[in-house]
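Welcome to this structure! Here is a short note to help you find your way around on a first look.

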Amino acid sequence: MWMSFALDCYMASYDDMVNVLEESRVSPPPSTIGEKSLPLTLFDLPWLHFHHVQSLFFYKFTRPNPHFMEIIIPSLKHSLSLALKHFYPFAGNLLFPPNLGKPEIHYKDGDSVLLIFAESNTDFAYLIKNHQRKVSHFHPLIPQLPPVCEKRNTLLAPVFAIQVTLFPNSGISFGFTTDHVVADGNSFIRFVKLWATIHKLQREPSILDDSIRPFYDRTMVKDPNNIASIFWQRLQKTKFKGYQPPIPTNNILATFLLSEADIQRLKNRVMVQCPTLLHVSSFTITCAYTWACMIRARAWVGEEVSENELEHFVFAADCRAHLDPPLQENYFGNCVVPCLVTAKSMQLIDEDGFIVAANLIGGAIQEKIGRKKEVCESLERELRNISSINTERAVGVAGSPRFAVYDIDFGLGKLQKREFISIDETRSISLHEGKDNKRHIEVGLSFPKIKMDAFASIFANGLIVDD
C-alpha cells in the first residue's frame, strides 16, 4: 500500500526550523486502478508552465509526540492511500511522450505521492494568527516536488506532494504543493475533504457522495475549434522545467477580515452609485475593495505611479455549469476561465477607486454569465489579453469562499487557519470564508513590510463607520 523510507528521527532538514521524521511514498491500494491516462484539455494546458500552488492547513494538536508517531502517522498514510484510490491523478505523473509530444496525466500501478512527516519548533500560535508574519517562516512547512525524470525518452514529472508537520504540544500543519495542470481548486478541495473524512472515520464512507466522487470523462469537454491544439503549438516552444523552488523574499504575510456588516455596507455604496450593476456579490465587493486599497498603498509608500499606468485584476470563474453540455460539479481537472479587468492607476487611487473597481469586476462577471455559450472562445481571448499585460501591475486571486475549507475535518478538531504561500510568488490575494462566520471573508496578502503597513491602514480606515 505504501513504501516507507524511514529516516532517523530529528535528522537535519533543509531548514533549521524543521526536522524530517520520515519520508514515505503512498500509493493507492495495489491493483485497484490499473493503468490510466487523462489527456490535457484546453482548460488544463494554460497551466503547464504556471507556478505551483502551495498551501497550508493548520490544526491544533496537543497530544504527546509518541501518539503522533505511533497513531497519527500510520493512520494518515492508510487514509491517504484510500483517498488516492479515488483521486489517482495526484499519485500519477505529467507524462511527455518521446520527442516531447503533447503531455498527459498518466498513472500506473505503484505510482505514488511523496508524503513527508516533519517536526518544527516554530511558534504554532504565531503562525495561525491574522497578524503580520514573515513568509519565510512558512516555506519549511511546504514540500518540494520530486525532480523530473526521463525513462526511454519519456519525461515524467510528479504533480503532487504533501508534508505533515508536528508542532509539539500545540498543532499540526498539512502542506501541499500541487501542479495546477492536474487540478483546479474545486478538484483539490474535494480530494482533501475525502482524505479528511476517511481519516476521521478510520474507514472509507460506505456511500461516497457524488459531491466528492471525481468524474473523469474528458470526452465531455467539447473543443470543436481545436483550441487545445492551438495552445499546445504555443506552449511547446517553451522548455518544460518541472518544479522550481520559490525564490525567497523578505515579504510579510497577513490576513484581513471583511465582516458580514462590512461587506453589506460596501455593497450598499456600490448599489447607490452603480444602480445598473446587477452582479454586486460578496466576491465582487471583496476583490474591488482589496484591489483599490492595494493600489493606494503603492502611492502611500512613495512608489512612482504614472497617471495613465494600467493596473490589472485577474480572477478565475468556474465554468463547469456553463459548458455545452454542462459538466458535473465533481468533474476532475481544470475547468475555469480567466477574467481580466483593467483600470488606470489614478482611477483606483482616487476617492471613488473602490466604486470603479466594483463596476469593472461586477461587469466582467455579469458579461461572463450572459455569454455562457462562448466559454471556449472567451478562454482563448482572455489568455491572449493576459499574455500582453505588464504582470508587475497585475493582481490575481487564489482560493474561494465557496470552498468552505473551515469545514474540513480530519478528526483533529476545527481547522484553525488556511494559508496560500504561493501568493508571495504569484502576486495574488487569497480568499476564504471566515473561520467563525461563513458570511465573513478572509483576505490574505503578501507584501514588503512598508507596503503592508500602508495597506493595513488604508484597509481599516476605509471601513470606519461615521457616527
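The points below go through a sheet, a helix and the nonpolar cores.

1. Before you start, please keep in mind that this is a predicted model.

2. A good place to begin is the open sheet of seven strands, where the pairing is mixed. Going across, the strand order is β8-β13-β19-β18-β16-β14-β15. The edges are formed by β8 (133-134) and β15 (336-344); each has a single partner strand, so one side of each is left without a neighbour in the sheet.

3. Stay with that edge strand for a moment. β15 pairs with β14 (residues 310-318) in the antiparallel sense, over nine bridges. To find one of the partners by eye, look for H312, whose bridge partner in β15 is T342.

4. Next comes helix α5, which runs over residues 260-273 and has 14 residues. From first C-alpha to last it reaches 20 Å, close to the 20 Å expected at 1.5 Å a residue. Which residues of α5 are buried? They are D262, I263, L266, K267 and V270. These cover an arc of only 130° around the axis, which puts them on the same side of α5.

5. Now for the interior. The largest nonpolar core has 82 residues, and F43, F174 and F191 have the most contacts inside it. Leaving out residues up to four places away in sequence, F191 touches L80, A83, L84, F87, F90, F160 and F176. Apart from this core lies another, of 47 residues, including A297, I361, F447 and M452. As background, nonpolar side chains tend to be buried together in soluble globular proteins.

Notes
Residues are numbered from 1 along each chain as its sequence is written. This is a predicted model: local features need pLDDT of at least 70, side-chain atom pairs count only at pLDDT 80 or more; totals for chains, interfaces and linings use all residues. Side-chain values use heavy atoms; hydrogens and water are left out. Two strands pair if DSSP finds at least two bridges between them. Helices (H or I, at least four residues) and strands (E, at least two) are DSSP runs, numbered from the N terminus. The expected span of a helix is 1.5 Å times one less than its number of residues. Buried means under 20% relative accessible area, exposed over 50%, partly exposed in between (1.4 Å probe, protein chains only). The arc is that of the directions from the helix axis to the C-beta atoms. A nonpolar core is a set of buried Ala, Val, Leu, Ile, Met, Phe, Trp, Tyr and Cys residues joined through side-chain atoms within 4.5 Å. Contact means heavy atoms within 4.5 Å.
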